[in-house]
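Student: I'd like to go over the empty spaces in this protein and what surrounds them. Can we take it one question at a time?

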Amino acid sequence: MTTVVVETNLLSRQELRDRLQAVGDSRYHHRHPFHLRMHRGELTRGQLQAWALNRYYYQSRIPIKDSLLLAKSDDPAFRRAWRKRILDHDGDKDGYGGVEKWIQLAEASGLRREQVIPCTGVLPGVRYAVDAYLALVRDNSLLIAVASSLTELFSRDLISLRMDQMRLHYPYLTPGLAYFVGRLTQAPEDATFALDYVSTHAATRAQQEQVIQALEAKCAILWAQLDAIDYAYVVPGNIPPGAFVPDCD
């Protein structure tokens, strides 16, 4: 006779959602001093250039991250749904996807695409943080990899605020905001799919806690990127050798 063990301490879908929201409220990078300065209009053009260039390294690695994640799944339906993210970033033709749109934002800040695409001026701290995200996805289960994407639960509000404040304080960036316009609809769609996946497939309380911890780890990675940018280009302004040096205030 087979004994079936039933988990009695599982979080409900709403309880799991509430725990994830609490992570976002306290740890998402909308609270980072660099973003707060950005939204108050306190950054110089050179500081915005440094942000756009360094953030490009993250943007350019997102399709790689999603490819690593796809390789973990043996479910064609899941792969069909998730590969949308790669098309969103890479596009189905040159000049269409989110990576290209981010380059256009960097160009609006005054950079040349030849400065941005090679990533040679990226801060070591940003590079390490982004590579840690790739490792998080590569080295863990599909459940944890999907859960690490759940920062998209919080990104729409930040994107909307960022667009408004950029138009207000940095009008020269307005021609480069197409990336954010696209993410206003893409991010909520992606978050809904990922949240449903982890809510369905985290079958034990231990797995639910792993989902929460994966989101915490992703928030820490995003925060670490901004720490590196803020330290190098704002306070104290210590730019390491080989990193991008703005030539304008």
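**Pockets, cavities and core**

Tutor: Sure. The largest pocket has a volume of about 250 Å³, and bear in mind that this is a predicted model.

Student: Which residues are the closest to the centre of the largest pocket?

Tutor: The lining has 17 residues, which divide into 8 nonpolar, 5 polar and 4 charged. The ones closest to the centre are Tyr28, His30, Phe154, Asp157 and Leu158.

Student: And which element gives the most to the lining of the largest pocket?

Tutor: Four helices give two or more residues each: H1 (13–27), H2 (33–39), H9 (152–169) and H10 (178–201). The top contributor, with 7 residues, is H9.

Student: What about the second largest pocket: which element gives the most to its lining?

Tutor: That pocket has a volume of about 150 Å³. Its lining includes Lys72, Asp74, Phe78, Leu142, Phe193 and Tyr197, and by class it holds 4 nonpolar, 3 polar and 4 charged residues. With 5 residues, the biggest giver is H10.

Student: Moving on to closed spaces, what volume does the largest cavity have?

Tutor: There are 3 cavities of 30 Å³ or more. The second largest has a volume of about 60 Å³. For the largest cavity, the figure is about 330 Å³.

Student: Which helix supplies the largest share of the lining of the largest cavity?

Tutor: This cavity is lined by 26 residues, with Arg55, Tyr58, Glu152, Tyr179 and Arg183 nearest its centre. By class they split into 11 nonpolar, 6 polar and 9 charged. H3 (45–70), H4 (76–90), H9, H10 and H11 each supply at least two, but the largest share, 6 residues, comes from H3.

Student: Then which element gives the most to the lining of the second largest cavity?

Tutor: His29, His35, Trp51, Arg55, Leu222, Gln225, Leu226 and Ile229 line it. H3 and H11 each supply at least two of the lining residues. The most, 4 residues, come from H11.

Student: How many residues does the largest nonpolar core have?

Tutor: Leu20, Trp51, Val146, Leu150, Phe180 and Val198 have the most contacts inside it. Helix H11 (residues 205–233) gives the most to this core, with 12 residues. The total for the core is 78 residues.

Student: Last one: which residues is leucine 20 in contact with, leaving aside its neighbours within four places in sequence?

Tutor: Leucine 20 is one of the core residues with the most contacts. With those neighbours set aside, its partners are Leu150, Leu153, Phe154, Leu195, Val211, Ile212 and Leu215.

Terms used
Residues numbered from 1 in each chain as written. Predicted model: local features only at pLDDT ≥ 70, side-chain atom pairs only at ≥ 80, totals over all residues. Heavy atoms only, no water. 1 Å grid on protein atoms, 1.4 Å probe; cavity = no way out; pocket = protein on both sides within 12 Å on 5 of 7 lines; lining within 4 Å. Points joined across faces, edges and corners; volume = space filled by probe spheres on them. Nonpolar A, V, L, I, M, F, W, Y, C, P; charged D, E, K, R; others polar. Core = buried A, V, L, I, M, F, W, Y, C linked by side-chain atoms within 4.5 Å. Buried < 20%, exposed > 50% of the residue type's maximum accessible area, 1.4 Å probe, protein only. Contact = heavy atoms within 4.5 Å.
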